[in-house]
Amino acid sequence: MLPRKSVTWVLLLLLIFFNLSTSHSDPRWAAKKRRLRNKVRTMFYHAYDNYMIHAFPHDELKPLSKSFTDSLSELGNLKLEHLPQDYNGSALTLIESLSSLVIMGNNTEFQSAVVWLSENLTFDVDARVNLFECNIRVLGGLVSAHLLATDSTHRLGQGVYKNQLLTLAEDLGNRFLPAFNTPTGLPYAWINLKYGVVENETTETSTSGCGSLILEMGALSRLTGDPKYESAALRALRKLWSMRSSLNLLGTTLDVSTGEWIEYSSGIGAGVDSFYEYLYKAHILFGKEEFWRMFHLAYIAVQKYFKHGPWYHEADMRTGKATYWQLTSLQAFWPGLQVLVGDIAAANSSHREFFYVWNKFGVLPERYLLDHQMLHPTEKYYPLRPEFAESTFYLYQATKDPWYIEVGESIVNSLNLHTKVEGGFASIRDVTTMELEDHQHSFFLAETCKYLYLLFDDSFLAEQNYVFTTEGHPLPVLSSWQDRLPETYIQSNWTFLKTDKEVRRTSVMSKQTKNVGSTQLTADEDHVAWPATAGYGYSYESLGRTRSLSGRQ
């Protein structure tokens, strides 16, 4: 365990990053960032306006056919089982867009959206939904928007808002609670919003599914004063943590009735990813030392058993032996999490490799086989995922290295070149042919556009500290939510690593994980597999027809 004094700055790293100056000393970079910001804004409204024209109030847009899909009941439902007959959508994309509208300064449309949801949205529907997906997208979107509607900026007109979004969030949280009624306290993966857990419901769930609920449900408890939501999520998280192996590793899938693992192999990608993310972010948001202790042990185990150079393979939780050598697009969130921890050197190293793959294919494929250096034969798609843009944003916040602006520009150009169509932005079915799929996921507006916009213009973050949920919804770090307030950031707690090339600031976490496994790299061996794609130095100085709710043109 790290000494408390040594980790003080690690906890507050997020807070400091978001208060750094956002202007680059070179006016040419400032002009470039403004141009790219405006380009992202145009992208967002192209996606949003087409949703409002062709799909609202249904869940998501089908941009090729300019139609809609009521997809909330399909999320996570690979076999498309038990689909509702009379479900007509919950305006999912609108809910997901709320905080993005605020970040881009469109308070008029935000107010119109809040009013519409207040008057029309109901969860009393016969629809079986994935608890995890509904939590991060809908509950998270409502809680975040409520906090944005009630902060000190007075975004909404006087008398317009009377906690309607919080009322909706509380209703949804109550509908979640029957899922936790299991012998273990681990929640079912599926819940019917009207009838609760259906008869003969599957007892299989994922580590992410039952271990990534604490931010949204914890925030709901803090806002309502009712501890039952946070208590349910915390009980599940503690039970899940108790199931770890002697190596402090967890599997991917488990049985909520027996508390037994089903799949022992896991990594940092699908089925597990946000579990790690929420341990650390919950520590920042709520100040619980318990979350830090869990995360610290888990992070060290990941670096020891999953890491191979800049890559992360999967391993058996019981033995630590590698099982699958593959990159998945969801893993691209990891460098962003490492930035929050302060392990910036490791974050940069992995981020560069993701960028190599992005440039190789034009976008980031869903799955890439590292041992064969080839695409997975069936998972060759790119559904407009945000994780690579997210990590690029965090790394720029940490380093102010303008190279990350160039990475962001590459992402923006690729999205416009390969995925923009007349009716919105389409997913890519096959990255080798760039064949498109008729689906614009709600997270494209909630996360992909948001993180790109913040990369080029982070003025929304000025004088405020936020934790972003795994769906990109901002939650403010409030002193009233903290179990114990962090100590003041102390510059003397910084640690520096010196190599032949440079002296760079690093973290105590980075030093601790440097030699935990035989596959770890030394400070000067930060790249394997492919040639470097960017410099390693840090410069710390360094619309047509519209159907919008507000009538915005």
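Me: At what angle does helix α13 run to β12?
Reply: In this predicted model, helix α13 (residues 344–361) lies across β12, β13 and β14, and runs at about 80° to β12. Angles of 65 to 115 degrees count as roughly perpendicular, so the value of about 80° puts α13 roughly perpendicular to β12.

Me: What makes β12 and β14 edge strands of their sheet?
Reply: Start with the order, which is β12-β13-β14 in an open sheet of 3 strands with antiparallel pairing. β12 (326–328) and β14 (374–375) each have a single partner strand, so each has one side without a neighbour in the sheet.

Me: How do you know that β12 and β13 are paired?
Reply: Pairing needs at least two bridges, and 3 bridges join β12 to strand β13 (residues 367–369). The two strands run antiparallel, with Thr 328 opposite Arg 367 in β13.

Me: Back to helix α13, then. Why is α13 called roughly parallel to α15?
Reply: Their axes are 12 Å apart and the packing angle is about 30°. Angles under 35 degrees count as roughly parallel, and therefore α13 is roughly parallel to α15. The crossing of this pair is left-handed.

Me: Which residues make that contact, and how do they divide by class?
Reply: From α13 come Asn 348, His 351, Arg 352, Phe 355, Trp 358 and Asn 359. α15 brings Trp 403, Tyr 404, Val 407, Ser 410, Ile 411 and Ser 414. By class, the contact of α13 with α15 holds 6 nonpolar, 5 polar and 1 charged residues.

Me: Why are α15 and α16 called oblique to each other?
Reply: The axes of α15 (residues 403–418) and α16 (residues 443–456) cross at roughly 140° and come within 9 Å. Roughly antiparallel would take an angle over 145 degrees, and roughly perpendicular ends at 115. The value of roughly 140° falls between those limits, so the pair is oblique. This crossing, too, is left-handed.

Me: What does α15 bring to its contact with α16?
Reply: Tyr 404, Ile 405, Gly 408, Glu 409, Ile 411, Val 412 and Leu 415 of α15 meet residues of α16, among them Phe 444 and Leu 452. The classes in this contact are 9 nonpolar, 2 polar and 1 charged.

Me: How do you know that β17 and β18 are paired, and what lies between them?
Reply: 3 bridges join β17 (residues 427–430) to β18 (residues 435–437), where at least two are required. The strands run antiparallel and form a hairpin with 4 residues between them. Met 434 in the turn has a positive phi of about 60°, while Ser 427 has Glu 437 of β18 as its bridge partner.

Me: How many bridges join β6 to β7?
Reply: There are 2 bridges between β6 (residues 253–255) and β7, which meets the requirement of at least two. Thr 253 stands opposite Glu 263 in β7. These strands belong to an open sheet with the order β5-β6-β7 and antiparallel pairing.

Me: What makes Arg 128 and Glu 201 a salt bridge?
Reply: The closest N and O atoms of the pair are 2.9 Å apart. The limit is 4 Å, so the pair qualifies. Arg 128 sits in strand β3 and Glu 201 in the loop between β4 and β5, 73 residues apart. The whole structure has 24 salt bridges.

Notes
Residues are numbered from 1 along each chain as its sequence is written. This is a predicted model: local features need pLDDT of at least 70, side-chain atom pairs count only at pLDDT 80 or more; totals for chains, interfaces and linings use all residues. Side-chain values use heavy atoms; hydrogens and water are left out. Axes are lines fitted to C-alpha atoms, for helices over the stretch in contact, and angles run from 0 to 180 degrees between N-to-C directions. A crossing is left-handed if the near helix is turned anticlockwise from the far one by less than a right angle, and right-handed if clockwise. Contact means heavy atoms within 4.5 Å. Ala, Val, Leu, Ile, Met, Phe, Trp, Tyr, Cys and Pro count as nonpolar, Asp, Glu, Lys and Arg as charged, and the others, Gly among them, as polar. A salt bridge is a side-chain nitrogen of Lys or Arg within 4 Å of a carboxyl oxygen of Asp or Glu.
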